[in-house]
Number of protein chains: 2
Amino acid sequence: MPDPTPNPDGKLSRAAAQRLSQYLRFARTLAEADGTVSSVELAGAVGVSAAQVRRDLASLGHLGQRGVGYDAGGLVEALRKAIGVDRRWRVVLVGVGNLARALLKYRGFVDHGFDLVGLFDSAPGTIGTVVEGLPVEPMSNLAAAVKRLRAELGVLTVPADAAQSVADAMASAGLKGLMNFAPVRIRVPAGVSVVPVDLAIQLEQLAFAVHFNEPDETGVAKE
Amino acid sequence: MPDPTPNPDGKLSRAAAQRLSQYLRFARTLAEADGTVSSVELAGAVGVSAAQVRRDLASLGHLGQRGVGYDAGGLVEALRKAIGVDRRWRVVLVGVGNLARALLKYRGFVDHGFDLVGLFDSAPGTIGTVVEGLPVEPMSNLAAAVKRLRAELGVLTVPADAAQSVADAMASAGLKGLMNFAPVRIRVPAGVSVVPVDLAIQLEQLAFAVHFNEPDETGVAKE
DNA sequence: CGTTGTGAACTCATTCACAGCT
DNA sequence: AGCTGTGAATGAGTTCACAACG
């Protein structure tokens with residue numbers, strides 16, 4: 001039967017968006033240095049096929065020049081826009097433990113356009129302390145603070161058993177995206193996105209890959 | 001294109017293996033309590049379709065009973081074996097910073113069958129200190145220690161600029177799988193697997209999902 | 001009944017191969 | 001010459017729908 005949707009061009013899959021992030025990282029390192037990158041270079045750096053790179057980039061518009069390649073600077077701009085990081089994002093963090101402290105020290109956070117503007121916790125001993133220049137506020141302040149700070153994203157670094165209720169609070173405070181480090185799947189209202197960062201599952205993936213000696217991931221090894 | 005060993009036994013894709021981990025987590029919570037789980041329950045818990053669950057589980061052998069469901073205990077066993085976590089794994093960690101300290105405190109590590117047996121760092125001030133009960137050894141000990149401890153996996157929590165050379169050292173020390181927290185792609189010899197845990201890219205994925213209001217992830221909200 | 005397992009259909013993603021521009 | 005963009009072919013992964021079975 002006839003083709004309800006013969007048109008393949010349209011939306012970016014999640015996996016595709018992840019590749020864009022990787023192209024962006026590589027293009028950024030070249031942006032100052034030189035003028036152009038080829039699909040073959042990008043492919044080698046990221047570990048995908050050159051055809052894949054061209055297909056991905058072509059879906060963003062005509063930003064290559066035939067016979068020449070892609071202008072590094074222009075590519076960075078286009079990728080930033082396509083991913084949604086052509087602006088800065090304001091982020092709050094809930095759950096100030098070791099992991100949070102590690103994240104706060106991580107420069108890549110701010111380097112990639114994410115500004116941590118608020119810290120929250122429920123432990124009386126932690127509330128009021130200052131971590132990496134930011135005071136830790138009680139959870140009861142969350143909703144008001146999100147509004148005041150105009151934060152849109154939240155990082156969730158609380159224990160598993162608290163994760164769902166904290167996620168509920170973050171969603172109803174108006175945050176639109178949550179990065180969840182707790183090893184549980186959290187449910188959120190429609191309109192809120194969640195990116196899980198689940199170490200337990202990643203560990204199991206590593207065991208799986210080793211146990212069955214999968215070549216793994218972004219393109220294997222030369223040698 | 002460049003893949004001399006495409007899929008040895010040709011079985012489970014990476015994405016499928018990740019779903020298995022999620023089924024396992026859910027089945028574990030039920031294993032003591034009740035007898036059986038249905039594909040619909042699993043699907044709801046993990047956020048995939050029931051048909052997907054059945055297809056995945058059927059690929060592991062006939063472990064369901066028609067008209068009844070899957071025995072929770074048996075499912076846990078089968079999933080453990082399929083993923084490769086029906087045994088314990090010995091893990092060393094290189095780069096003892098805040099992130100490492102957070103990981104060391106994370107109980108899920110040992111709960112999932114991963115034993116951290118060695119810590120390594122190159123900073124003289126850190127070497128010799130004891131963190132969570134383990135002494136931090138110099139990098140020069142790595143190769144001998146990996147052999148002595150019979151470690152197979154490594155966690156890489158060093159800064160980006162050191163990541164590749166540390167990865168080289170870890171691979172030549174005989175580790176077969178690396179969990180890489182550094183925000184760079186590392187190259188490893190054939191036979192070594194890498195699971196990247198890249199916060200910068202995950203952050204960008206979050207921005208992407210929110211910016212284009214993707215429902216995201218494992219199927220979110222029904223309504 | 002209810003629920004699994006699975007051929008078949010289908011959708012989505014990737015690679016091929018080459019036309020078209022520089 | 002070199003390199004991109006893209007139809008067409010291929011492949012991977014997912015859902016449909018129902019037979020098979022307790």
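**Notebook: DNA strand C and the A–B interface**

I started with DNA strand C and looked up which of the 20 residues around this strand come nearest: they are A:Ser49, A:Arg55, A:Arg66, B:Ser39 and B:Arg55. I then checked the atoms of DNA strand C that come within 4 Å of the protein, and sugar and phosphate account for 60% of them. I note that the model is predicted.

Next I looked up single atom pairs at the DNA. For A:Arg55, I found a polar side-chain atom 2.8 Å from a base oxygen of DNA strand C. For B:Gly67, I found a polar backbone atom 3.0 Å from a base oxygen of DNA strand C. For B:Tyr70, the partner is a phosphate oxygen of DNA strand C, and a polar side-chain atom of B:Tyr70 lies 2.9 Å from this oxygen.

I then asked which elements give two or more residues to the surface near DNA strand C. From chain A I listed helix H3 (50–58), and from chain B helix H3 (50–58), strand E2 (64–65) and strand E3 (69–71). H3(A) gives the most to this surface, with three residues. I sorted the residues of the surface near DNA strand C by kind and got three nonpolar, ten polar and seven charged.

After that I turned to the contact between chain A and chain B. I counted 76 residues from chain A and 77 residues from chain B in this contact. The area buried between the two chains is about 6,800 Å², and carbon and sulfur atoms give 61% of it. I looked up which three residues supply more than any other three of the area that chain A buries against chain B: A:Arg185, A:Leu203 and A:Glu204, with 10%.

How many salt bridges are there between chain A and chain B? I found two. One of the salt bridges joins B:Asp198 to A:Arg25, and their closest N and O atoms are 2.4 Å apart. For polar contact across the interface of chain A and chain B, I noted 18 residue pairs, with both residues at pLDDT 80 or more.

Last, I went through the side of chain A that touches chain B. The elements of chain A that give two or more residues to this side are helix H1 (14–31), helix H2 (39–46), helix H4 (72–83), helix H5 (98–105), strand E9 (177–180), strand E10 (193–196) and helix H9 (199–211). H9(A) gives the most, with 13 residues. I divided the residues of this side of chain A into 42 nonpolar, 17 polar and 17 charged.

How values were computed:
Residues numbered from 1 in each chain as written. Chains lettered and ligands numbered in written order. Predicted model: local features only at pLDDT ≥ 70, side-chain atom pairs only at ≥ 80, totals over all residues. Heavy atoms only, no water. Contact = heavy atoms within 4.5 Å. Buried area = accessible area lost by both parts, 1.4 Å probe. Salt bridge = Lys/Arg side-chain N within 4 Å of Asp/Glu carboxyl O. Polar contact = N/O pair within 3.5 Å; in protein donor to acceptor, adjacent residues only side chain to side chain. Helix = DSSP H or I, 4+ residues; strand = E, 2+ residues; numbered from the N terminus. Nonpolar A, V, L, I, M, F, W, Y, C, P; charged D, E, K, R; others polar. Near = heavy atom within 4 Å.
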